[in-house]
Amino acid sequence: MDAATRFDTQIVGALPVLTQYLARLGLADTVDDVVPWEGDVPLGTLVEVLVLNRLLNPKAIFRIDAWAQKSSVAEYYGLDPGQLNDDRLGRALERLAKHSDAIQAALVLRAIRTFKLDVSQVHYDITDVELFGAYELELPEGQSPPTPLPAYGRTKSGRKNVKQIQLGLNVTGDGAVPLAHAPLDGNAAEATTHVENLRRLRKMLEGRRLLYIGDSKLDTPENLLAVAAGNGQFLCGGVFNQKLQAVYLKDRGRLQPIAYHPKSQDALPPEERDQYQAFERSELLRGVVDGRKVRLHYRMIFVWSESKARLEGQTRERHLAKIQEMFAAVQRNLNRYTLKTREAILRRLEAAKGRYEEGKLLSYELSQDRAGNFQLQWRVDAKALAEWKKLEGVYVLKTSLSSRASPLAKTVAKYREQNKVERRFANLKGPLAVAPMFLKNPERIAGLLCILVWSLMLLALMERQVRRKLKGKPLYGLYPENRPSPSPTGPALLECFSTLCIVIVRQRGVTRRRLAERSDVQQTLLQLLDIPPDALRTFRRRCGM
């Protein structure tokens, strides 16, 4: 070898793998076809760079240009330093926000054709994204505020001193692939978002019949009738209010065991699996949708879960114990400190009862002796406790699916698939790092949500492809200690490719690049992803490496 020959290595990670799926999804071409844009760098290229940044370096949008130069992303797209400046990227996000529905519809149609994606079953839910900063908007008089508007709302973390926005997300039953999303104001009520979400889905899916699955926020007459009026079907959790509790208590003798158990208990003997029981009744709902009368016959299913009953029983005991501890503290300090008047004592006792819903199970008596000293006695109401226990482990489902096509066990199993959308929220808040956001206006926030959802779409399609090819068989080598993985996750796939690197050979003024040897598990994953090893590229429009 010539003494002047120099060898260097550069880590490119999952970049060559991700660009293969970006090309299959046609993200850049779709954006450029749909969205008008003026600039030296095509908008589709900017979008793909931002998607790659979110998948390879999930941090706040900051110094993207420097990252792209260092990570080979700029080299892949042939971008010069300075072309990914903050102003250009900010304007790109604003433009995406205006055209997001059109882009998403085109991407979904492409995914249906290319990946044979089944979109007949959709899961919908919303989540919050906490923001840090004032986010105070100054709008001209009479102008409506843009969406998503940062606002104080009910955050998942319980913090009340931070503003938030919310994100509505639809994913397929087939692989939990994102179909559509909606940026929502921080104080938007989930129940009010379903009708508009259904309209968006019907427009996107062009007449396909849809099974729409949601949680109990879907359970309003307006929402259920809207699904039926659109020739769709629904499955949702029901609001287990006092009226339905009374119905259940009256008919709970109709409960029958059903052949269902969670997939996590497949390996357990039947006698060790949690038991499920259910019964159903028919209901009729009438209403008017868009001026048209609608009659909806649906099934209301009461389900009792042994595992849910066990967890709720433990929660009840824990909460009762804490309330009684507070009662005991009041008793120890009666007639002292601030507990010298009836009003003060009652205020403290009622505050203790109000801390948890189980407080209604406790009754107490506050009396005074001849010397004027207060005395306290309390007990758990045995009758109320017995009634409470009867409701533990129970939940309600409502569905327009027929009992023939979807018997009780199948319906329960179908509803449990709602965790698909929860898994995607976990991806957004974990590996894709939706927060923190350092963006100055709602339009850019909405644009970033597009980038995040399309990143999630790419991740989900890769995950779906690998799992379909495995067909339930375990994959070895992905996790430490060679542990088997029958259901690899998208983030785990990216992590596996994080060590991919290129070897740079400089000899007599000529520079050549070659991908280094892949590991056995990387080779296996390439086969599962249907990517020929010789198709991997670190340049977008060049034949060689």
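**Close-ups of strand E6 and two pockets**

**View 1. Both faces of strand E6 are tucked away.** Gln-233, Leu-235 and Gly-237 point one way from E6, Phe-234 and Cys-236 point the other way, and all of them are buried. Keep in mind that this is a predicted model. Strand E6 covers residues 233–237, and since 5 of its 5 residues are buried, it is largely enclosed by the rest of the structure. Buried here means under 20% relative accessible area.

**View 2. Strand E5 runs parallel to E6.** Look for residues 211–214, which make up E5; this strand is joined to E6 by 4 bridges, and the two run parallel. One spot to zoom in on is Gly-214, whose bridge partner in E6 is Cys-236. Cys-236 is also one of the buried residues from View 1. Add helix H8 (residues 221–229) to the picture, and E5, H8 and E6 together give a right-handed β-α-β unit.

**View 3. Strand E12 pairs with E6 too, in the antiparallel sense.** E12 spans residues 394–399, and 3 bridges link it to E6. Here it's Gly-237 that is worth finding: its bridge partner in E12 is Leu-397. So which way do the two pairings of E6 run, parallel or antiparallel? With E5 the pairing is parallel, while with E12 it is antiparallel.

**View 4. The largest pocket holds about 760 Å³.** Its lining counts 21 residues, and Lys-263, Glu-417, Asn-419, Lys-420 and Arg-467 are the ones closest to its centre. Three helices, H13 (408–416), H14 (419–429) and H15 (442–470), each put at least two residues into the lining. H15 gives the largest share, with 4 residues. Sorted by class, the lining of this pocket has 10 charged, 7 polar and 4 nonpolar residues.

**View 5. The second largest pocket comes in at about 600 Å³.** Which residues lie nearest the centre of this one? They are Gln-245, Glu-357, Lys-360, Trp-388 and Leu-391, out of 20 lining residues. Helices H9 (242–251), H10 (306–332) and H12 (382–391) are the elements that give two or more residues to the lining. By class, the lining of the second largest pocket splits into 8 nonpolar, 8 charged and 4 polar residues.

Note on methods: Residues are numbered from 1 along each chain as its sequence is written. This is a predicted model: local features need pLDDT of at least 70, side-chain atom pairs count only at pLDDT 80 or more; totals for chains, interfaces and linings use all residues. Side-chain values use heavy atoms; hydrogens and water are left out. Buried means under 20% relative accessible area, exposed over 50%, partly exposed in between (1.4 Å probe, protein chains only). Two strands pair if DSSP finds at least two bridges between them. A crossover is right-handed if, with the strands pointing away from the viewer, the path from the first strand over the helix to the second runs clockwise. On a 1 Å grid over the protein atoms alone, a cavity is a set of points where a 1.4 Å probe fits but cannot get out, and a pocket is an open set with protein on both sides within 12 Å along at least five of seven lines; lining residues have an atom within 4 Å of a point. Grid points are joined across faces, edges and corners, and a volume is the space filled by probe spheres set on the points. Ala, Val, Leu, Ile, Met, Phe, Trp, Tyr, Cys and Pro count as nonpolar, Asp, Glu, Lys and Arg as charged, and the others, Gly among them, as polar.
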